[in-house]
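The following exercises concern the architecture of a single chain and the packing of its helices. Each task is followed by a worked solution.

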Amino acid sequence: AARALQRVCPALSFLVCPMIQYSARKFCAALRKADSLKLVNFRAAAAIAIAFSCLTVLVVIFDRITDVPYIRNLEIDVAPYSTITGVLGFILSFRTSQSYSRFENGANAVYDITGGLVSVASSLAAFSYHGSHTKEDVEGFKQTVMRLMSLLGAMLLTELEGVDSLTQTNFEILDLRSLDMVRVRRLAKETHKTEVVVQWLKTYVIESVTQGTLSVPPPILARVFQELDQCVGKYHGADKISQVPFPFPYVATMDLIMIIHSAITPIVMVSLLS
């Protein structure tokens, strides 16, 4: 999909978001990728799992080499441990399913947004040929529209990443210096940059209609504004996913159960292996 988007519209290739690529047919393909070690959650989970596994082994060895097996003599009932394990498994399964659902909804929203932006850009470029305008006017309109669309896409996707969309963007902006730099500097101080650029684009289209550069019939032009508004609406839907975290009480409860489960696992393992 990413390569297809680059081929169809090279000017909007900045909309392609890189992801970790792996082959599902290979054994432990995800773990064999060096990118897995860059994931903070993976490193933290691996460190905790290894630490408690080593602790379990040490407790088992210590209890076996001592003259008096203190832990084995406790005669621990594993039924409560089994109950906690079942509850923890259910909670983790539910959160995993919800996380995947949020990921899928976010991915669908981003692809809908990028597809909508491509549709808006291609429609405006095609509409510029309607009427008897000079080649210079048509080319100037298309160049400005593509630069505004490039800026809009970069602002939109970067804000979804939760960073400053103009100074910290990882997306290439098409010839930003060709735009009005006074307005661009003002944009850098704005909080809602995406909405500002959307308004710039709409205003520029209306000005082009007023000046006669864009003479397409209004009902047809209205579809472009409708498509653009739908993209903005989907952007806010995706932004909700990135801004609204998983409910804190649920996360706190799960963390507490995981801590309790991890703390009693070494002792229970000694009882089971005795």
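**Exercise 1.** Determine the order of secondary structure elements in this predicted model.

*Solution.* Read from the N terminus, the elements run α-α-α-α-α-α-α-α. The count is accordingly eight helices and zero strands.

**Exercise 2.** Characterise the chain by its burial, its surface and its contacts.

*Solution.* Begin with burial: 32% of the 274 residues count as buried. Turn next to the surface, where the accessible area is about 17,200 Å² and carbon and sulfur atoms contribute 62% of that area. Finally, consider contacts with a separation of 6 or more: 71% of them involve residues 24 or more positions apart.

**Exercise 3.** Describe how helix H3 and helix H4 are arranged, and which residues join them.

*Solution.* Two packed helices are described by the angle and the distance between their axes. Here the axes of H3 (residues 79–127) and H4 (residues 135–160) come within 10 Å and cross at roughly 170°. Since angles over 145 degrees count as roughly antiparallel, H3 is therefore roughly antiparallel to H4. On the H3 side, the contacting residues include Val110, Ile113, Leu117 and Leu124; their partners in H4 include Phe141, Met149, Leu156 and Leu160. Classified by type, the contact comprises 15 nonpolar, one polar and one charged residues.

**Exercise 4.** Compare the span of helix H2 with its expected value, and identify its buried residues.

*Solution.* H2 (residues 40–65) contains 26 residues. Its first and last C-alpha atoms lie 38 Å apart, close to the 38 Å expected at 1.5 Å a residue. The buried residues of H2 are Thr56, Val59, Val60 and Asp63.

Methods:
Residues numbered from 1 in each chain as written. Predicted model: local features only at pLDDT ≥ 70, side-chain atom pairs only at ≥ 80, totals over all residues. Heavy atoms only, no water. Helix = DSSP H or I, 4+ residues; strand = E, 2+ residues; numbered from the N terminus. Buried < 20%, exposed > 50% of the residue type's maximum accessible area, 1.4 Å probe, protein only. Contact = heavy atoms within 4.5 Å. Areas by Shrake-Rupley, 256 points an atom, 1.4 Å probe, with all protein chains shown as cover. Axes fitted to C-alpha atoms, helices over the stretch in contact; angles between N-to-C directions. Parallel < 35°, antiparallel > 145°, perpendicular 65-115°, else oblique. Nonpolar A, V, L, I, M, F, W, Y, C, P; charged D, E, K, R; others polar. Expected span 1.5 Å × (residues − 1).
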